[in-house]
Amino acid sequence: MTKNDETQDPETGPEWINAKDIDLAGLLQKLGHRSIVLVGIMGCGKSTVGKRLAQRLGLEFIDADSEIERAANMTVSEIFAEHGEPYFRSGEERVIARILREGPQVLATGGGAFMSDATRQEISEQGVSIWLKVDFETVMARVRRRSTRPLLQNPDPEGTMRDLLAKREPVYARAALTVTSKEVPHETVVDQIVITLADYLDVGDAQNASAMS
């Protein structure tokens with residue numbers, strides 16, 4: 001099931017629901033053992049938003065890239081440089097599959113993780129995927145602040161990013177939910193995720209908030 005035809009924008013999303021009105025205990029009950037899995041291109045805010053979302057819901061936050069680095073005792077950049085992308089992707093699949101068995105939690109995945117058929121299947125079975133959708137200008141402004149993105153270590157990072165977006169966005173769109181990530185306070189994006197999740201999971205107070213508005 002997907003609601004990607006109902007993309008939620010943190011600035012123009014449904015005003016008839018306030019995130020403060022959402023029954024978070026009810027949301028967690030409906031979520032059950034599943035993890036909330038954030039997907040999207042590098043720089044879309046998966047880690048920064050994910051940490052705040054986990055704190056809001058009282059769940060553990062897990063960064064898949066950090067778990068991969070811990071397992072390999074190498075940074076992602078070092079893995080790419082020494083072993084290549086296929087080796088990294090294989091390890092990424094295994095690590096994410098293991099993490100998903102330990103839910104519920106908020107899991108931030110690497111930008112290429114959702115491209116894996118096996119990983120998408122694991123997430124579909126054991127999580128609720130949310131695509132943090134971001135436009136080209138915003139994501140380039142963000143990634144320029146970090147020089148450790150292995151896929152952008154080339155003479156034309158902007159061209160590479162455009163190619164990545166063109167290739168990956170149709171796959172990201174297969175996520176269960178989509179929330180737009182803009183240059184707004186992180187808590188605003190978290191609010192929109194909570195509202196969107198509550199609607200997706202049919203949490204009662206989301207509908208009650210609508211009725212009382």
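The protein chain exposes about 10,400 Å², and carbon and sulfur atoms supply 47% of that area. This value, like the others in this report, comes from a predicted model. Of the 213 residues in the protein chain, 52% are buried, and the chain holds 10 helices and 5 strands. Among the contacts with a separation of 6 or more, 78% are accounted for by residues 24 or more positions apart.

**Aromatic pairs**

A pair of aromatic rings is described by the distance of the centres and the angle of the planes. When the whole structure is searched, 2 aromatic pairs are found, and they are set out below.

| Pair | Centre to centre | Angle between planes | Class |
|---|---|---|---|
| Phe80 and Phe88 | 4.9 Å | 45° | tilted |
| Trp131 and Tyr172 | 5.9 Å | 40° | tilted |

The pair of Trp131 and Tyr172 links distant parts of the chain, since Trp131 belongs to strand β4 (residues 127-133) and Tyr172 to helix α8 (residues 157-172), with the two positions 41 residues apart in numbering. Both Trp131 and Tyr172 are buried. As for the other pair, the planes of Phe80 and Phe88 stand at 45°, which lies between the limits of 30 and 60 degrees, and the pair therefore counts as tilted. Phe80 and Phe88 are likewise both buried.

**A charge over a ring**

A further contact of an aromatic ring involves a charged side chain: the charged end of Arg162 sits over the ring of Phe136, at 3.7 Å from the centre of that ring.

Definitions and conventions. Residues are numbered from 1 along each chain as its sequence is written. This is a predicted model: local features need pLDDT of at least 70, side-chain atom pairs count only at pLDDT 80 or more; totals for chains, interfaces and linings use all residues. Side-chain values use heavy atoms; hydrogens and water are left out. Helices (H or I, at least four residues) and strands (E, at least two) are DSSP runs, numbered from the N terminus. Buried means under 20% relative accessible area, exposed over 50%, partly exposed in between (1.4 Å probe, protein chains only). Contact means heavy atoms within 4.5 Å. Accessible areas come from the Shrake-Rupley method with a 1.4 Å probe; for residues, only the protein chains shown count as cover. Rings of Phe, Tyr and Trp (its six-membered ring) pair if their centres lie within 6.5 Å; planes under 30 degrees apart count as stacked, over 60 as edge-to-face and the rest as tilted. A charge sits over a ring if NZ of Lys or CZ of Arg is within 6 Å of the ring centre and within 35 degrees of the ring normal.
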